[in-house]
Amino acid sequence: MKKEQLAELVIRSEDTLYHIAKTILYSDADCADAIQEAIVKAFTNLHTLRQDSYAKTWLVRILINECYAVMRREKRLLSLENYMEKANGGQRGQQADYTDLYEALSQLPKESRVCVTLYYLEGYNVKETAEIMGISESAVKNRLARARAKLRSELEQAVT
C-alpha cells in the first residue's frame with residue numbers, strides 16, 4: 001500500500017476512528033490525540049502491513065492500542081476535571097455534552113464497549129471484530145450478549 005492510499009483510507013475512516021476512540025476515551029481532546037498518534041504510527045509503520053485488504057483493520061487496531069496508551073498516561077495524572085468531580089462528591093458537570101449513546105456505553109466494561117462499537121456502530125461482523133480485538137469469535141459473541149443484557153437491565157431500571 002502506498003502512502004497516498006493510506007491517506008485516502010484515513011479520510012474515509014474518519015467517523016469510524018472517532019467512534020472507536022470515543023467509546024474508549026471520554027474526552028474529545030484525548031480522542032483527537034489518540035487518533036493523531038494512530039495516524040502517525042500507521043504512516044511510520046506502513047511497511048509492516050502485510051496485506052492491503054486488512055489496512056482498515058490494521059489502522060483500527062493501532063487506534064485501539066493508542067487509546068489504551070492514552071488511558072495509561074492519564075491514569076498517572078489527576079486532571080482538574082477529576083479533582084473537581086471528587087471535590088463535588090462524584091457529580092460530573094461535563095457529562096451533559098455526551099450523547100445518551102455514549103453515556104450508556106460508558107456503563108459497560110472496556111472490552112464490551114469496543115466490541116459493541118465495532119459490531120453495532122461500525123458494522124464489522126463477528127469475525128472481523130475478533131480479528132481487530134485479537135480474541136476469539138466466541139469471546140466477541142459472549143461480550144456482545146453480556147453488553148446487551150446489561151444495557152437491557154439498565155433500561156428496565158430506568159423505566160421503573
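Q: What makes K41, E66 and R73 a network of salt bridges?
A: A salt bridge is a side-chain nitrogen of Lys or Arg within 4 Å of a carboxyl oxygen of Asp or Glu. In this predicted model, E66 and K41 have their closest N and O atoms 2.7 Å apart, and the side chains of E66 and R73 meet at 3.6 Å, N to O. Both distances are within 4 Å, so both pairs count as salt bridges, and K41, E66 and R73 are thereby linked in a network.

Q: How do you know that the pair of E66 and K41 links distant parts of the chain?
A: E66 lies in helix α4 (residues 55-76), whereas K41 lies in helix α3 (residues 28-44), and the two are 25 residues apart. Helices here are DSSP runs of H or I with at least four residues, numbered from the N terminus.

Q: Why is E66 called buried or exposed?
A: Buried means under 20% relative accessible area, exposed means over 50%, and partly exposed lies in between, with a 1.4 Å probe and protein chains only. E66 has 3% relative accessibility, so E66 counts as buried.

Q: Why are K41 and R73 placed in their class of accessibility?
A: K41 has 37% relative accessibility and therefore counts as partly exposed, and R73, with a relative accessible area of 39%, is partly exposed as well.

Q: What makes D28 and K22 a salt bridge, and how is each residue classed?
A: The closest N and O atoms of D28 and K22 are 3.0 Å apart, which fits the salt-bridge rule. D28 counts as partly exposed because its relative accessibility is 42%, while K22 counts as buried because its value is 5%. By this rule the count comes to 4 salt bridges.

Q: Why is S106 called buried or exposed, and which residues does S106 touch?
A: S106, in helix α6 (residues 100-106), has 19% relative accessibility, so S106 counts as buried. Not counting residues up to four places away in sequence, S106 touches Y26 and R113, where contact means heavy atoms within 4.5 Å.

Q: How is Y120 classed, and where does Y120 lie?
A: Y120 lies in helix α7 (residues 110-121), and at 40% relative accessibility Y120 counts as partly exposed.

Q: What do these values rest on?
A: Residues are numbered from 1 along each chain as its sequence is written. Local features need pLDDT of at least 70, side-chain atom pairs count only at pLDDT 80 or more, totals for chains, interfaces and linings use all residues, and side-chain values use heavy atoms, with hydrogens and water left out.
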